[in-house]
Each structure stands twice: as C-alpha cells, then as structure tokens.
Amino acid sequence: MARILELLIFDADRVDVRHCDAKGVGAGCDRRVERVQMAFASRWLMSRLQRLRAETGLNITVEAADLPVNLHASNINMAIRYAHQPDGKAQWQKLFSDAIIPVCAPDLFAGSPPLTPQGLLALPLLHYRWKSTSSKAPSWERWHAHAGAKAVCSTINQSFSEEIHAIDAAVNGQVAALASQHLVSDVLKAGQLVQLSDIALPGLSYWAVFLASHPAKARLL
C-alpha cells in the first residue's frame, strides 16, 4: 500500500500545488484535484480516502468521470486512467495491472468455489457494456473461449452500461458478473462476493497520469 500512496500523492504536501481554484489560490495551498473513473472512485478510492488525507494532510478533491480529462485545460493535478499503454500525451506512471474475474454473491449457487466453467456458465449472467469498443473488452463469450468451456454460454440475464451498477447487482445476489479484481477486492474481503474461478481474463492497467511539467514529477521516477 505504501508504494501506491507514494504514486497517488506525489509527496504533494511538500510541493507547491499550482492548480488551485478560487477557494485555494496562492502559496501554501494544500488542495489537490484528482480525476478518476466513476467505478474506481466508488469501489476503490472512497474506502482509502481517509487514510490518504490522514497521511498527507491534503484536502483531496475527487472529480469522477469516465471520459479522459484534458490536463492542459483544467485544474486537475492528476488523472487515474485505465488503459493498455500510455498514449504519449502526458507523463504516465503505472500503478498496478488488472485482471477480470468472475464473481457473484455467496448465496447465488450451492456448493463452494471454484466452479467448473460449465457450472459457472449455468448461473444467471450479467453483462457490463464497456464504453470502449476494444476487442479486448471483457465479455462472457471471451471468458468462455479463454476457459476452453465446452458448454454453450448461457443467455445474458441482465445488462448494464455502468460498471458500478453491475457490481451492485452482483452484490445483491442477482447474477454472476465479470469484474475488475481491484474494484471488487473490498467486497470479496467482506464476504459479499466470492470469486467463482481462478480463470481470469487479462485486464488493462491503472496509471497515474500528469503533465511532464508537474512539480512532483521527479518523485515518481
């Protein structure tokens, strides 16, 4: 965890934060604005914000949106992006890689995991529609092929456009879902979800993205 904190915060309590709004302009401003995806903010960052604030003394403002932010035309200090590789338009520092795992509520099935691919695909399935049109977007069809399952992939019972809602539906015991291992890590530890199989689809990576001219750049390299 210490390494992730270092990456996310840039030791910013020792840095002149230059992107403060009208409520925090000038020397000594300790306000930081971070842009993150909505699902990442809800399912990963929120449970860690108190520790981030306690260890840094910073007033961290979270801007949650799924569309990439223009760091040159905003007051955002840093963005957290989910991508395969950097796009070359800013400074990118890798936080951690991801994997897409099958999960559901413990009472959705009888027995104990791991389930066979055939047993898993017999459960009611949920599909989350990625906003990206990438061929590597997670789907039960891709998981079916990756697992080498012989059974016919079940009909999708529910579909969501927002990843947060898909995870909520799984937690509520309605369906099995494919989800980021990081976004469901807390509910897995709490026993609200169980991982159904060790077979996972490769995910993308989470990156801290900031301008090359950022005053704390040297602390990340």
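**View 1. The buried residues of helix α5.** In helix α5, which spans residues 140-147, the buried residues are Trp-140, Trp-143, His-144 and Ala-147. Seen down the axis of α5, these buried residues fall within an arc of 105°, so they line one face of the helix. This spacing can be understood from general helix geometry: an α-helix has 3.6 residues a turn, so residues three or four places apart point the same way. As in every view here, the structure shown is a predicted model.

**View 2. What lies over helix α5, and what follows the helix.** The buried residues of α5 are covered by several elements, and these include the strands β4 (91-104), β5 (125-128), β6 (156-160), β7 (177-180) and β9 (201-210), together with the helix α4 (117-121). Just after α5 comes Gly-148, a residue that takes a positive phi of about 70°.

**View 3. The largest nonpolar core and a separate one.** The largest nonpolar core holds 51 residues, and the members that touch the most other members are Phe-40, Trp-140, Trp-143, Ala-176, Val-184, Leu-196 and Tyr-206. Apart from this core lies another, made of nine residues, among them Val-69, Ala-83, Trp-207 and Val-209.

**View 4. The surroundings of Val-184.** If its neighbours within four places in sequence are left aside, Val-184 is in contact with Ile-101, Val-103, Ile-167, Ala-179 and Leu-193. Val-184 is also listed among the residues of the largest nonpolar core that touch the most other members.

**View 5. The aromatic pair of Phe-40 and Tyr-206.** A search of the whole structure finds seven aromatic pairs. One aromatic pair is formed by Phe-40 and Tyr-206, whose rings are 5.0 Å apart, centre to centre, with 35° between the planes, and this pair is tilted. The pair links distant parts of the chain, since Phe-40 belongs to helix α2 (residues 38-45) and Tyr-206 to strand β9, 166 residues apart. Phe-40 counts as buried because its relative accessibility is 2%, below the cut-off of 20%, and Tyr-206 is likewise buried, with a relative accessible area of 2%.

**View 6. Tyr-82 beside Tyr-206, and the aromatic cluster.** The ring centres of Tyr-82 and Tyr-206 are 4.7 Å apart and the ring planes stand at 45°, so this pair is tilted. Here too, distant parts of the chain are linked, with Tyr-82 in strand β3 (residues 78-83) and Tyr-206 in strand β9, 124 residues apart. Both Tyr-82 and Tyr-206 are buried. One aromatic cluster is formed by Phe-40, Trp-44, Tyr-82, Phe-96 and Tyr-206.

Technical notes. Residues are numbered from 1 along each chain as its sequence is written. This is a predicted model: local features need pLDDT of at least 70, side-chain atom pairs count only at pLDDT 80 or more; totals for chains, interfaces and linings use all residues. Side-chain values use heavy atoms; hydrogens and water are left out. A nonpolar core is a set of buried Ala, Val, Leu, Ile, Met, Phe, Trp, Tyr and Cys residues joined through side-chain atoms within 4.5 Å. Buried means under 20% relative accessible area, exposed over 50%, partly exposed in between (1.4 Å probe, protein chains only). Contact means heavy atoms within 4.5 Å. Helices (H or I, at least four residues) and strands (E, at least two) are DSSP runs, numbered from the N terminus. The arc is that of the directions from the helix axis to the C-beta atoms. Rings of Phe, Tyr and Trp (its six-membered ring) pair if their centres lie within 6.5 Å; planes under 30 degrees apart count as stacked, over 60 as edge-to-face and the rest as tilted.
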